[in-house]
Amino acid sequence: MITDQLDTGLSNAEAATLLRQHGANEIKPVRQRNILVQFLAHFYNPLVLILLVAVSISALNGDEVSALIIGVIILMSVTLDFIQEYRAGQAAAKLAAQVAVTATVLRDGKLSEIPVAQLVPGDIISLSAGDLIPADGQLLDAKDLFINQSQLTGEAYPVEKHADAPISADPWDLEAKAAVFMGSTVISGTARVRITRTGQSTALGQIADSLEKKPPPTSFELGIRQFGMLIMRFTFLLVLFTLLVNIVLHRPLLESFLFAVALAVGLTPELLPMVVSVTLTRGALRMAALNVIVKRPSAIQDMGAMDILCTDKTGTLTEAKIHLEHHVNALGQGSQRVLELAYLNSYFESGLKSPLDDAILLHHDVAVTGWKKIDEVPFDFERRRVSVLVEREETRILAVKGAPEDILNLCTQYEDETGAIVLLDETARQSITQLLDQFGNDGFRVLAIAWREVAANHPYAVVNDESELVFAGLAAFLDPPKISAGPVLAALQASGVQVKILTGDNERVTRYICNQLNLPVTGVLTGNEIAAMQDDALLARVEEVNLFCRVNPAQKNRVLLALKARKHVVGYLGDGINDAPSLHTADIGISVDGAVDVAKQAASMIMLEHDLKVLHAGVMEGRRTFGNVMKYIMMATSSNFGNMFSMAASTLFLPFLPLLPLQILLNNLLYDLSEITLPMDNVDAEDLAQPSQWDMNFIRNFMMTIGPISSIFDFVTFYLLISVFEADETLFRTGWFVESIATQVLVIFIIRTRRNPLHSHPNRWLTTTSLSIVAIAMLLPISPMAHYLGFTALPLTFFGLLAVLIITYLLTVEYCKQRFYKRLNKSRNNPAVP
C-alpha cells in the first residue's frame with residue numbers, strides 16, 4: 001500500500017517500485033543499447049557491408065585465405081573505431097551526470113536532492129524561483145507562485161497559481177490554477193507539489209513530438225557535413241572511373257569490383273568520427289580538470305571558433321561580494337527609514353533572492369516584528385521592480401524597490417529630512433538624478449526605495465498599485481571589481497575574442513568597472529535606445545559597441561541575434577532566469593554550478609567556479625581541438641587522396657592491378673593506426689592565437705596543392721620499379737605498398753604545422769605510432785604473412801632509393817606548403833589578390 005502522508009512523502013522502497021512501474025521521468029527515455037548491439041552498429045556502413053559481401057563472394061569462389069585476411073582487417077578496423085568511440089562516450093556521460101538537474105523531494109520524512117529522472121507519481125517536491133518543474137503535479141500549498149508555461153501554451157506572461165483553487169475536472173487543462181506542468185519554470189514564489197504524472201504521461205510528453213525541434217547544426221557540425229560531401233563527390237568519381245577502366249580492359253569482374261570498393265574505403269576518412277569523438281572528449285576531460293563540465297562535446301570546438309563573448313558584470317567582472325554601503329533619503333542624507341522599507345521588501349519577497357537582497361538582509365538590527373505580509377507583485381525584467389504589501393496595526397503599505405529610473409517615474413511625492421511628505425517637483429527630481437549620477441560615477445549600484453499607503457481592507461497587490469508612490473530614498477551597494485579579471489580580459493582580447501558586457505546596471509556604474517579593469521569602452525547602448533531601434537539599425541551598431549546597459553532579457557537576445565547575423569560566433573555567460581533565452585540563442589551558452597535550473601539546462605558548459613580564467617582556457621582548448629581535427633582532414637585530403645588517385649590512374653597503363661584489394665585495405669588499416677594518437681598532438685601557439693572556423697575553400701585548395709605532389713612521387717616510384725628493378729606484379733605491389741605507407745604516414749610531420757617542422761615538436765605518442773607503422777610496413781614483406789598478403793622481399797637497393805625518394809618528397813611538400821601559406825596570408829591581407 002503506497003503511503004500518502006504529506007509529512008513523510010514516499011519511502012525509498014515505494015519509490016523504487018513506482019519507478020519500475022512507470023519508468024524514468026523522461027520525455028524520451030535514453031535507451032542504453034547492449035554493448036554488442038553498439039559494436040554491431042559500426043558494421044552498418046555501406047562500404048563495410050559491400051566489403052563483407054565481396055568477402056563472401058571470394059570465399060565461395062575458393063579464395064578462402066584472402067577472404068579470411070580481408071575479414072580480419074575489416075574486424076580490426078571496426079573494433080578500433082568502436083573502442084575509441086565507446087570510451088569517449090563513457091567519459092562524456094560521466095561528465096554530463098555531474099551537472100544533471102535535480103529536484104528537492106520528500107522521501108522517508110527527509111528532504112533530499114535527487115535527479116529528476118528518478119521522480120515518480122506520489123512524490124512530494126518543493127519548488128522555488130528559478131526551478132524547472134520536473135513533472136505534472138497538484139499544488140499542496142503555494143505562496144505568491146508565478147509560473148512561466150510558455151513552452152506549453154505559447155503565452156509569454158507568467159501566470160499565478162493557487163493551491164486553494166478548484167481542481168479542474170480535465171487533467172490536461174493547462175489553465176488549471178491548482179496544477180503545474182512539466183517544462184514550466186518558476187518565476188517567483190514557493191510551493192509544494194504532489195507529482196501526478198511523469199515522463200511520457202505528462203502533458204509535455206503527450207505533445208512532445210509537436211514541440212520537439214532539432215537544434216540547428218553548430219558551425220562544427222556544418223563543417224564536418226560539408227567535408228563529408230566533398231570527399232563523397234571525389235570518391236564517387238574516382239571509383240566509377242576505376243571500375244569502368246577495368247571493365248573496358250576486360251579484367252576479372254570480381255577482382256575489379258573488389259579493387260573499386262577497396263579504393264572507396266581508402267578514400268573515405270572513416271577514422272574521422274573517431275578522431276572527432278576522441279579529440280572532443282579529450283578536450284572535455286581537460287576542461288573538467290579546470291572545473292568546467294562540458295554538456296555538449298561539440299561546444300569545445302565552438303569555443304575555439306568564438307570571437308565574441310557576451311557577459312554580465314556581476315560575479316564575472318566583479319567580486320559578487322555586494323555590501324550595502326549607503327541608505328540615504330532624497331537629499332542624500334543617511335536614513336534608517338530607507339533601510340527599514342528596503343528590509344521589509346527583501347524579507348517578505350518570495351521570489352528568487354538577488355545578491356542585493358542578501359546584502360540588505362545582513363542588517364539584522366532591523367525589526368520586522370508586528371509586520372505581516374498580505375501579498376506581492378513579483379519582480380519581472382520588464383518592470384524591473386518588486387512590490388510587497390504588508391500590514392501592521394491596521395496600517396497597510398506597499399513597499400517597492402527597483403531600478404531608480406523606473407521607480408522615480410512612478411513617484412509623485414518624496415520624504416524630506418524631517419520625514420514630511422512633499423511634492424516631487426522638477427527641482428527635486430533633478431537633485432535625485434544628480435545624486436544617482438554621483439553614486440554611479442563612484443561605482444555604486446543603486447536601488448530606489450518607495451512606498452504608498454493603501455486602505456486597510458486592500459485585499460491584494462497588483463501592478464496598477466505601483467503608482468503615485470512616495471519616494472523614500474536610495475540604497476547604494478558596492479561590488480568591487482575583480483582585479484583578476486583584468487588580465488584575463490586582456491588575454492581574451494589578445495586572442496581575438498571581443499568582450500561585450502550586457503547588464504541591467506546603468507552605464508555610469510559599468511563604465512567605472514571597465515575603467516578599473518582597463519577595458520576600453522568603444523561604445524554604449526542603453527535598453528531604451530535598443531527598444532527604439534529597428535533590427536537593421538541595431539545590426540549596424542552592435543559591431544562597435546561593447547557596453548549594453550539597462551537591458552532586459554529580450555533586448556539581450558536581440559543583441560546576440562544581431563551579432564550572429566554579422567557572422568560572429570557568440571558565447572554568452574549567464575546564470576539567472578532572465579539569461580535562459582540568451583543561453584539558447586548563443587552559439588555557446590555558459591553557466592555556473594550555482595545557477596538556476598533553467599539556466600543550467602540551457603547552457604552547453606557549466607563552470608563549477610565563476611572565473612573568467614577557465615573561459616580563456618576553454619577558448620584555447622577549443623582551438624587545440626579544432627587544430628588536431630584539421631590535421632587529420634588535411635591528411636585525408638592531400639597525401640591520402642593523392643595515393644588513391646595514383647592508384648586509380650595507374651589502371652590506365654598497368655597490365656595488372658597496382659595493389660590487390662587486400663593490400664589496399666591493409667594500407668588503410670595501418671594508416672588509421674598511425675593516426676590514432678593524433679588527438680593528443682601538440683598545437684603551435686600561432687594556431688591558438690585567433691578564432692578557428694571551418695573554411696572549405698582552404699581545405700579544397702590545400703588538397704589541390706599537396707595532393708598532386710603525392711601522385712607525382714607515386715608515378716616516380718612506378719617508373720623506378722618497372723624500369724630499374726624490372727618488377728613483376730608481386731614486387732611492384734610490394735614496393736609501392738611500402739612507399740605509399742611511408743610517404744602517407746611521414747608527411748604528417750610536415751602537414752601538422754605551418755612552421756618549419758624542425759621548429760614544431762609533435763607529441764611523443766604521435767611520433768612513436770607513426771614511426772612504428774612505417775617500420776611494420778617495411779618488415780611485412782619478410783614476415784611469415786608475406787605470402788598470404790601477396791608480398792615478396794625487396795632488394796636492399798630499393799630501400800636506399802626509397803630513403804632518397806621520401807626525403808625529396810617531404811622537402812617538396814614543405815616547400816609547397818610554405819608557398820601555399822604565403823599566398824593565403826597575402827590574399828587575406830589584401831582581398832584583391834586572387
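Q: Which residues of α23 meet α25?
A: This is a predicted model. In it, Tyr632, Met635 and Ala636 of α23 meet Tyr671, Asp672 and Glu675 of α25.

Q: What classes do the residues of that contact fall into?
A: Four are nonpolar, two are charged and none is polar.

Q: Where are the two helices, and at what angle do they cross?
A: Helix α23 covers residues 612-636 and helix α25 covers residues 661-675. Their axes come within 12 Å and cross at roughly 155°. Angles over 145 degrees count as roughly antiparallel, so α23 is roughly antiparallel to α25.

Q: Is the crossing left-handed or right-handed?
A: α23 passes α25 in a right-handed crossing.

Q: Now α27 and α29. How far apart are their axes?
A: The axes are 9 Å apart, and the helices pack at an angle of about 175°. α27 is residues 729-746 and α29 is residues 764-779. The two are therefore roughly antiparallel to each other.

Q: Which residues make the contact?
A: From α27 there are Phe737, Val738, Ile741, Ala742, Val745 and Leu746. α29 gives Ser770, Leu771, Ile773, Val774, Ala777 and Met778.

Q: And how many of those are nonpolar, polar or charged?
A: Eleven are nonpolar and one is polar, with no charged residues in the contact of α27 with α29.

Q: Different topic: the sheet. What order do the strands come in?
A: Eight strands form an open sheet, in the order β8-β23-β22-β21-β9-β18-β20-β19, with mixed pairing.

Q: Which ones are at the edges?
A: β8 (292-294) and β19 (524-526) are the edge strands, and each pairs on one side only. From one strand to the next, the twist averages 20°.

Q: What about β21 and β22, parallel or antiparallel?
A: They run parallel, and three bridges join β21 (residues 570-573) to β22 (residues 588-592). Tyrosine 572 stands opposite glycine 589 in β22.

Q: Which helix lies across β18, β19 and β20?
A: Helix α17, residues 507-516, lies across them. α17 runs at about 145° to β20 (547-549).

Q: Last thing, the rings. How many aromatic pairs does the structure hold?
A: The structure holds 19 aromatic pairs. One of them is phenylalanine 702 with phenylalanine 820, which is edge-to-face. The centres are 5.4 Å apart and the planes are at 80°.

Q: Where do those two phenylalanines lie?
A: Phenylalanine 702 is in helix α26 (residues 696-724) and phenylalanine 820 is in helix α31 (residues 796-829), so the pair ties together parts that are 118 residues apart in sequence.

Note on methods: Residues are numbered from 1 along each chain as its sequence is written. This is a predicted model: local features need pLDDT of at least 70, side-chain atom pairs count only at pLDDT 80 or more; totals for chains, interfaces and linings use all residues. Side-chain values use heavy atoms; hydrogens and water are left out. Two strands pair if DSSP finds at least two bridges between them. Helices (H or I, at least four residues) and strands (E, at least two) are DSSP runs, numbered from the N terminus. Axes are lines fitted to C-alpha atoms, for helices over the stretch in contact, and angles run from 0 to 180 degrees between N-to-C directions. Contact means heavy atoms within 4.5 Å. Angles under 35 degrees count as roughly parallel, over 145 as roughly antiparallel, 65 to 115 as roughly perpendicular and the rest as oblique. A crossing is left-handed if the near helix is turned anticlockwise from the far one by less than a right angle, and right-handed if clockwise. Ala, Val, Leu, Ile, Met, Phe, Trp, Tyr, Cys and Pro count as nonpolar, Asp, Glu, Lys and Arg as charged, and the others, Gly among them, as polar. Rings of Phe, Tyr and Trp (its six-membered ring) pair if their centres lie within 6.5 Å; planes under 30 degrees apart count as stacked, over 60 as edge-to-face and the rest as tilted.
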